[in-house]
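Trainee: I would like a close look at one part of this model. Please pick a helix and follow its packing outward.

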Amino acid sequence: MSSIGRKPTVTLLREELALCLAERESNQAIAGGKPGCVDNPVSGPRADSILEYLRGKGPMSLLSPPDLISFALSCNLDFHRIIALVVKGEWEWYASSRLPAGKSIEDVISEGLSAVRDLSSGFNPAMDKGPAENGLYRLFESHGGLASRNGYDEKDLRDFVKHMILAEVHLFAGHSPELLNFIATEEARRNLLKGASADEAEEFWKKKRVWIELENEVEGLLLKLEEQTLRNRKSQREWMSVFGQIYILLLESEYLHTSLTYRIDRKSDDPDLTMGELDELDEENRQAEIEHLARLKKNATTIKKVLPGPGGIPLDHEEMEEYEQECKKLLRKIWRLTHPDRIDQEKFTPEQKKKLRAYFEEAVPFQEGGHLDDEEIALSMRSLVSLKDLLARVEAVWKSMGLDCNEQSVIQGETLLEQSVWLDTRTRELEEEAGQVRVELMAAANDPEFREMDACLTSPEQIDIISAEMNAKLDWYNERNRLMEQRLAELFRG
């Protein structure tokens, strides 16, 4: 287990290659510099291109995966570290092409793992530079059967690389606890599989492949949902900034109209009702409206939404209350596991603490002073499926305390049976989550309220038209309310 003071060990290719070379020289020194202490000397055109790159005389774009493999073999790296080195090279090439304007890849790394992960979104080693275009497996096999000698066929190697990227361990140094722990876990799993029958092993690999694909699919869907949610919130904020003031006044007048109608009807039915009794009845009858208006005034950019249930069908009142209660249970559990006072007492890495703090703020965006307030929880309607996903991420961080990696990539279980059961359970969860996210994504993309908001903001002329309509409606309500107040007063005068 790493110490809580350890810095994240994300490395760029140049630093990693220099570390590999230093390890080789150190091993030579330990062996006393005897001839043959290193199987492969650092020489030849491919190794020379690496050395030129390390001297700053060549760009990374000229390096190819075969160059990295040849260099790694000359440094006597083990098979899994060679894979990690090749994937790191492909990742850096990919990330460098997606840098924000004015930033270097070093700038992004200095911002922390979250920034690096954002830059890495969608990464998949294409292996399309130079001779590597023949495919990853054939590339390794062309170096003395490197993959098959280590017990990997083409599917196994592809799965290992996908799992490595899912775990994000290719971002770290070859001697980092993140990568070493990942490799040790992989080797332990392969040893377990050696004792299984051919059918059992094949079934396990199938389950693992399905799980990895679903993890990537759900990640992509959640990213799309988040992007659509942000677009909707942007529309909402813009709409409220333009129409918010008149909208709240109009809502108040509409609620007052409802209140006066109710009061007049009750007083007409029961002339003996006193003003105090009528106030109590009216307040009880309008409690939901009062609370909604109070929340709206407290946060003028938030409008409570009715979220879709299974199949996209809107929840009724009773279902919505149950939905909200389930959301609150999840929020409280997330809050307990991410509160700063709690995580500061545990042996998390600085990056993990930063991640948990972000989860804390995501779960309780309106918290003040570290308190969990039911009113503030209810202020913004939450997605149950997103909260379940958030709790799973929080719990995964706790299970991987002290390691900076994608915690959800860790297959749980000591035995092959336990791991297989975990894969089955996780796969079902992911399938359910993917289905629910698709429903929410469709509902968010086709939400008539946000579409109407966008339509209201299409031009200054349209804004003027909508504003005039809202003001006219407000004038109508104000006049009606004035007459109804007079009518109510007459009822009390008898």
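Mentor: What follows is a walk along one helix, its packing partners and the cores around them.

Start with the setting. The model is predicted. The protein chain folds into 21 helices and 0 strands. It has 494 residues, and 46% of them count as buried. Take the contacts with a separation of 6 or more: 73% of them join residues 24 or more positions apart.

The helix to follow is α11, residues 198-269. Two packed helices are described by the angle between their axes and the distance between the axes. We will use both numbers for each partner.

Which helix comes within 10 Å of α11 and crosses at roughly 40°? That is α9, residues 154-167. An angle of roughly 40° is above the 35 degrees that bounds roughly parallel and below the 65 degrees where roughly perpendicular begins, so α9 and α11 are oblique to each other. Their crossing is left-handed. On the α9 side, the contact uses Lys-155, Asp-156, Asp-159, Lys-162, His-163 and Leu-166. On the α11 side, it uses Trp-205, Lys-208, Arg-209, Trp-211, Ile-212, Glu-213, Glu-215 and Asn-216. By class, this contact of α9 with α11 holds 8 charged, 4 nonpolar and 2 polar residues.

Next comes α10, residues 177-194. Its axis lies 10 Å from that of α11, at an angle of about 145°. From α10, the residues in contact are Glu-186, Arg-189, Arg-190 and Leu-193. From α11, they are Ala-201, Phe-204, Trp-205 and Lys-208. The classes here are 4 nonpolar, 4 charged and no polar. Trp-205 and Lys-208 of α11 also take part in the contact with α9.

Look closer at Glu-186. This residue sits in α10. Is Glu-186 buried or exposed? Glu-186 is buried, because its relative accessible area is 1%, and the cut-off for buried is under 20%. Setting aside residues up to four places away in sequence, Glu-186 touches His-80, Tyr-152, Phe-160, Trp-205 and Lys-208. Trp-205 and Lys-208 are in the α10 contact as well.

Between α9 and α10 there is a loop, and Glu-168 is in it. Most residues other than glycine have a negative phi. Glu-168 has a positive phi, near 65°. Glu-168 counts as buried, because its relative accessibility is 15%. Asn-76 offers a second case. Its phi is positive too, about 60°, and it is not a glycine. Asn-76 lies in the loop between α3 (65-74) and α4. At a relative accessible area of 40%, Asn-76 is partly exposed.

Further along α11, the partner is α20, residues 448-456. The axes are 9 Å apart and the angle is about 50°. That angle makes α11 oblique to α20. The crossing is left-handed. α11 brings Asn-232, Ser-235, Gln-236, Trp-239 and Phe-243 to this contact. α20 brings Phe-450, Met-453, Asp-454 and Cys-456. The contact of α11 with α20 has 5 nonpolar, 3 polar and 1 charged residues.

Now the cores. The largest nonpolar core has 53 residues. Which residues have the most contacts inside this core? They are Ile-83, Phe-140, Leu-157 and Met-164. Helix α4, residues 79-96, gives the most to this core, with 10 residues.

Leu-157 is worth a pause. Leaving out residues up to four places away in sequence, Leu-157 touches Phe-79, Ile-83, Leu-136, Tyr-137, Phe-140, Ala-147 and Tyr-152. Ile-83 and Phe-140 are themselves among the residues with the most contacts in the core. Another core, of 22 residues, lies apart from the largest one. Its members include Trp-211, Leu-221, Trp-422 and Val-437. Trp-211 is also one of the α11 residues in contact with α9.

Leu-136 belongs to α7, residues 136-141. Leu-136 counts as buried, with 17% relative accessibility. Leu-136 and Leu-157 are 21 residues apart along the chain, and their C-alpha atoms are separated by 8.2 Å.

One last stop is away from this region. His-339 lies in the loop between α14 (317-338) and α15 (340-343). His-339 counts as buried, at 14% relative accessibility. Its C-alpha atom is separated by 9.3 Å from that of Tyr-359, 20 residues apart along the chain.

Note on methods. Residues numbered from 1 in each chain as written. Predicted model: local features only at pLDDT ≥ 70, side-chain atom pairs only at ≥ 80, totals over all residues. Heavy atoms only, no water. Axes fitted to C-alpha atoms, helices over the stretch in contact; angles between N-to-C directions. Helix = DSSP H or I, 4+ residues; strand = E, 2+ residues; numbered from the N terminus. Parallel < 35°, antiparallel > 145°, perpendicular 65-115°, else oblique. Left-handed = near helix turned anticlockwise from the far one by under 90°. Contact = heavy atoms within 4.5 Å. Nonpolar A, V, L, I, M, F, W, Y, C, P; charged D, E, K, R; others polar. Core = buried A, V, L, I, M, F, W, Y, C linked by side-chain atoms within 4.5 Å. Buried < 20%, exposed > 50% of the residue type's maximum accessible area, 1.4 Å probe, protein only.
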